[in-house]
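Open the model in your viewer and keep the sequence panel visible. This tour tells you what to select at each stop and what is there.

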Amino acid sequence: MTTATTLEAPRTEERSRPRHRARRPRTRLRPDLVRSRALAWTAVTVMGMFGLLPLYWMVVTALSPADRVFRFPPDFLPDSVTFANFRAVADNGPLFHYLTNSVIVSLTTSVLSVVISTYMGYSFSKFRYRGRRSLMNFVLASQMFPQTLLLITLYALFRQFGMLGSYTALILSFSTFTMPLCVWMLKGIFDTIPDALLEAAAIDGASRWRTLHTVVAPLAAPGMAAAGLFSFVRGWNDFVFALTLSDKSTMTLPPGLVNTYIGEFQTSWPTLMAASLVVSLPVVVAFMFLQRFLVGGLTAGAVKS
């Protein structure tokens with residue numbers, strides 16, 4: 001018994017000793033790797049400043065008095081700040097009428113483009129029929145025509161049917177150049193959905209319409225959100241179509257801002273910049289709520305499973 005106790009003692013003492021792990025030597029970055037990272041961060045910084053400088057200058061102009069806007073050299077950090085330009089925007093009644101028109105036209109364009117593009121993209125992706133490839137190429141080729149050429153044709157068509165100055169003319173015209181891209185975007189997303197899932201739904205007794213609405217559409221929701229956001233922004237920012245096909249009752253924000261603050265002999269730049277900041281808030285809010293869908297929707301069809 002004594003011998004066994006004596007033999008076990010060194011093991012207990014050995015276990016109680018703290019084990020010191022050997023420190024790994026710090027790896028030093030190679031000079032060429034350091035230079036490449038420095039160049040990459042420099043390029044990102046320059047591009048970020050290039051993209052954010054117009055927004056910064058818009059904010060500075062909106063907060064500056066009118067007599068300091070055209071100073072040279074310009075004040076990149078204004079010494080005096082005023083909110084009179086934003087109060088002038090709040091007192092402008094027609095501006096909110098243009099805002100309401102933009103919301104109506106952009107939302108309707110977004111919903112119409114997503115609904116039609118969903119059915120077309122699903123048809124191109126999951127069905128095989130005669131003329132399918134030609135129709136796909138025709139939808140893609142429609143993006144090659146200049147928008148001015150489409151505007152002339154649409155203007156003559158809407159004038160013939162008495163639709164000029166209506167919401168319908170604006171919505172249909174905006175949909176002509178948002179729908180082709182949405183169709184191809186959603187087709188790429190539908191291609192990633194395995195056919196075995198559709199076959200399982202058919203075995204369970206689901207029709208093709210029910211399979212699309214209850215099985216495929218929830219899986220393609222990020223892509224549909226991305227397509228809807230693209231259509232909304234495209235309709236919100238359009239100027240030429242909205243100026244040509246609308247009248248005072250249906251005019252949207254881009255031509256409304258130009259007609260309100262830009263005159264023949266004078267332009268109210270501080271008030272115009274303040275109004276531009278205010279009307280950009282809906283798009284910023286939409287991006288904030290749909291950001292997680294936007295990234296997933298734009299990259300969902302990039303890789304096939």
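**Stop 1: the cavity**

A search of the whole structure finds 1 cavity of 30 Å³ or more. On a 1 Å grid over the protein atoms alone, a cavity is a set of points where a 1.4 Å probe fits but cannot get out, and lining residues have an atom within 4 Å of a point. Grid points are joined across faces, edges and corners, and the volume is the space filled by probe spheres set on the points. Rolling a probe the size of a water molecule over the atoms shows where empty space is left.

This is a predicted model, in which local features need pLDDT of at least 70 and side-chain atom pairs count only at pLDDT 80 or more, while totals for chains, interfaces and linings use all residues. Residues are numbered from 1 along each chain as its sequence is written, and side-chain values use heavy atoms, with hydrogens and water left out.

How much space lies in the largest cavity? The volume is about 80 Å³. Select Trp57, Val60, Thr61, Ser64, Arg68, Val69, Pro74, Asp75 and Pro78 to show the residues that line the largest cavity. By class, this lining has 5 nonpolar, 2 polar and 2 charged residues. Here Ala, Val, Leu, Ile, Met, Phe, Trp, Tyr, Cys and Pro count as nonpolar, Asp, Glu, Lys and Arg as charged, and the others, Gly among them, as polar.

**Stop 2: Ser64**

Select Ser64, one of the lining residues of the largest cavity. Ser64 sits in the loop between helix H2 (31-62) and helix H3 (84-90). Helices (H or I, at least four residues) and strands (E, at least two) are DSSP runs, numbered from the N terminus.

Is Ser64 buried or exposed? Ser64 has a relative accessible area of 7%, so it is buried. Buried means under 20% relative accessible area, exposed over 50%, and partly exposed in between (1.4 Å probe, protein chains only).

Now show the backbone of Val60: its oxygen lies 2.5 Å from a polar atom of the Ser64 side chain. Next, add Val69, Pro78, Ser80, Thr82, Asn85 and Pro270, which are in contact with Ser64 when its neighbours within four places in sequence are left aside. Contact means heavy atoms within 4.5 Å.

**Stop 3: helix H13**

Pro270 leads to the next selection, residues 269-279, which form helix H13. Because 9 of its 11 residues are buried, helix H13 is largely enclosed by the rest of the structure. The buried ones are Pro270, Thr271, Leu272, Met273, Ala274, Ala275, Ser276, Leu277 and Val279.

Pick out Thr271 in helix H13. Thr271 counts as buried at 11% relative accessibility. Not counting residues up to four places away in sequence, Thr271 touches Asn85, Ala88, Val89 and Tyr261.

**Stop 4: Ser280 and Val283**

Move along to Ser280, in the loop between H13 and helix H14 (281-299). Ser280 is partly exposed, with a relative accessible area of 28%. A polar atom of the Ser280 side chain lies 2.8 Å from the backbone oxygen of Leu277. Add Asn237, which is 43 residues from Ser280 along the chain, with 9.6 Å between the C-alpha atoms of the two.

Then select Val283 in helix H14. Val283 is buried, with a relative accessible area of 13%. Which residues are in contact with Val283, leaving aside its neighbours within four places in sequence? They are Phe232, Val233 and Trp236.

**Stop 5: aromatic rings**

The structure holds 7 aromatic pairs. Rings of Phe, Tyr and Trp (its six-membered ring) pair if their centres lie within 6.5 Å; planes under 30 degrees apart count as stacked, over 60 as edge-to-face and the rest as tilted.

Select Tyr122 and Phe127, an edge-to-face pair with 5.6 Å centre to centre and 80° between the planes. Tyr122 is buried, with a relative accessible area of 7%, whereas Phe127 is partly exposed at 24%. Go back to Phe232 and add Trp236: their ring centres are 5.6 Å apart and their planes are at 25°, so the pair is stacked. Both Phe232 and Trp236 are buried. They are separated by about one helical turn because they are 4 residues apart in helix H10 (residues 221-237).

Finally, select Tyr122, Phe127 and Phe190, which ring pairs link into a cluster.

**Last stop: the whole chain**

Zoom out and colour by secondary structure: the chain has 14 helices and 0 strands. Buried residues make up 33% of its 305 residues.

Methods:
Polar contact = N/O pair within 3.5 Å; in protein donor to acceptor, adjacent residues only side chain to side chain. 1 Å grid on protein atoms, 1.4 Å probe; cavity = no way out; pocket = protein on both sides within 12 Å on 5 of 7 lines; lining within 4 Å.
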